[in-house]
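Me: Please take a close look at a single part of this structure. I should like one connected account of how that part is built and what surrounds it.

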Amino acid sequence: MKKLFTSESVTEGHPDKIADQISDAVVDAVLAKDPNGRVACETLVTNGMCVVAGEMTTTCYVDIPKIAREVIRDIGYTDPAYGFHWETCGIAVAIHGQSPDIARGITRSTYSDATMGAGDQGLVFGYACRETPELMPLPIVLSQWLCERLAYVRKKGIIKGLRPDGKSQVTVAYDNGKPVRVHTVLLAAQHNPEWNTGTLRAAIEKYVIRPVLFDPKLRVRGLTWQKETLRRWKDLKIIVNGTGRFVIGGPEGDTGLTGRKIIVDTYGGMARHGGGCMSGKDPTKVDRSGSYAARWVAKTIVAARLARACEVQISYAIGIPKPLSVRVDTFGTGRASDTRIAWAIRKVFDLRPGMIIQALKLRRPIYRKVAAYGHFGRPELRLPWESTTRAAALRKIVGDER
């Protein structure tokens with residue numbers, strides 16, 4: 001049965017992603033000085049203004065206005081013509097202490113990592129599949145790569161006159177659950193006024209779309225989608241700046257908030273989502289550590305060849321270490337029952353928040369780099385939750401099923 005599936009991404013200059021990166025830069029700054037610091041940081045960016053608010057408990061001082069300006073500068077808002085400038089935008093900070101009713105369940109002076117409770121209630125999902133080498137869904141991988149490539153050609157001056165904001169959207173055709181070709185590519189690229197849509201489309205097709213779609217790293221044994229996409233290139237629908245013009249963008253054109261791109265951050269809609277964002281939170285928050293653990297488990301299941309695709313759900317209660325539930329769904333592709341695999345997970349993985357933090361070494365300043373272009377996959381970053389070193393142990397235990 002043939003079906004279409006679509007995922008989207010945004011560039012680092014998109015207002016929501018500016019907010020995510022500032023929030024995670026604050027988390028990194030605290031953890032670099034105080035690994036046990038606790039942060040719940042939200043950012044809002046709008047025309048000429050950046051507001052950073054939230055809760056923080058730490059023994060160190062961090063210069064939040066300086067951090068925010070550095071992030072905005074690094075993204076590329078360095079020209080007043082963009083309507084938002086790293087040196088001249090207003091910065092407001094409203095940070096207060098964390099609630100003691102929350103802190104009592106996770107304070108390390110009282111609890112060890114083994115007995116530390118979850119920093120909040122919540123449910124999280126992890127997902128993996130065999131569509132790409134990084135065991136991620138193809139539509140979101142392509143969407144992320146397109147946005148990353150768009151930012152690269154802007155910063156390197158390969159396409160001159162691009163501005164920081166941008167979005168992508170990729171529709172992939174599936175046949176019996178396997179990707180067979182790219183159906184539609186949509187790119188919104190902020191640009192200087194002198195560009196016309198036709199010329200910009202030609203440049204983006206040459207320097208962004210083709211290099212991404214036919215990158216050899218995306219070739220996977222048994223998948224022929226690249227060959228089929230190339231063969232049917234004339235049928236590929238390419239849309240660049242659908243309104244014909246995208247000059248006003250970034251915070252000048254749209255208000256950005258931390259946590260509004262949770263599907264971009266994860267699996268592009270291919271899997272369910274618990275609703276909580278990861279950015280701006282220290283790892284005692286299970287929205288972050290639990291989500292990373294769920295991906296770690298799901299990827300290990302697929303890497304162990306126990307399933308072609310797998311979704312893992314974990315739920316927590318505030319102040320309680322052990323998960324309330326662990327659920328596995330292999331969508332009928334499992335080599336053992338979902339119940340058996342879920343049982344084996346508890347034998348191989350300790351999913352208490354403190355033990356996740358310990359196993360994945362999450363009390364480090366590693367979060368700003370995943371605040372744009374996705375928290376999962378990303379082999380170049382060598383993220384700890386992408387490890388599959390426990391695949392053999394998991395496969396051995398699951399293999400005992402009678």
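Reply: The account below concerns the open sheet and its helices, and then turns to a bent helix. The model is a predicted one.

The open sheet consists of four strands in the order β4-β3-β2-β9, and their pairing is mixed. Its edges are formed by β4, residues 90-96, and β9, residues 256-257, each of which pairs on one side only. Strand β3, spanning residues 49-57, runs parallel to β4 and is joined to β4 by seven bridges. Within this pairing, V52 has V93 of β4 as its bridge partner.

Helix α1, residues 15-33, packs on the sheet and touches β2 (38-46), β3 and β9. The direction of α1 makes about 150° with that of β2. Helix α2, made up of residues 64-75, lies across β3 and β4 and runs at about 130° to β4.

Helix α5 merits separate description. This helix covers residues 197-213 and bends by about 45° at E205. At its N-terminal end, α5 is capped by N196, a side-chain oxygen of which lies 3.2 Å from the backbone nitrogen of G198. The buried residues of α5 are L200, A203, I204, E205, V208, I209, V212 and L213. E205, the site of the bend, is thus itself listed among the buried residues. The partners against which the buried residues of α5 pack include the helices α4 (138-155) and α6 (225-231). Strands β6 (162-175), β7 (178-191) and β8 (237-240) are likewise packed against by these buried residues.

Key: Residues numbered from 1 in each chain as written. Predicted model: local features only at pLDDT ≥ 70, side-chain atom pairs only at ≥ 80, totals over all residues. Heavy atoms only, no water. Pairing = 2+ DSSP bridges. Helix = DSSP H or I, 4+ residues; strand = E, 2+ residues; numbered from the N terminus. Contact = heavy atoms within 4.5 Å. Axes fitted to C-alpha atoms, helices over the stretch in contact; angles between N-to-C directions. Bend = angle between axes of the 7 residues up to and from the residue. Buried < 20%, exposed > 50% of the residue type's maximum accessible area, 1.4 Å probe, protein only. Polar contact = N/O pair within 3.5 Å; in protein donor to acceptor, adjacent residues only side chain to side chain.
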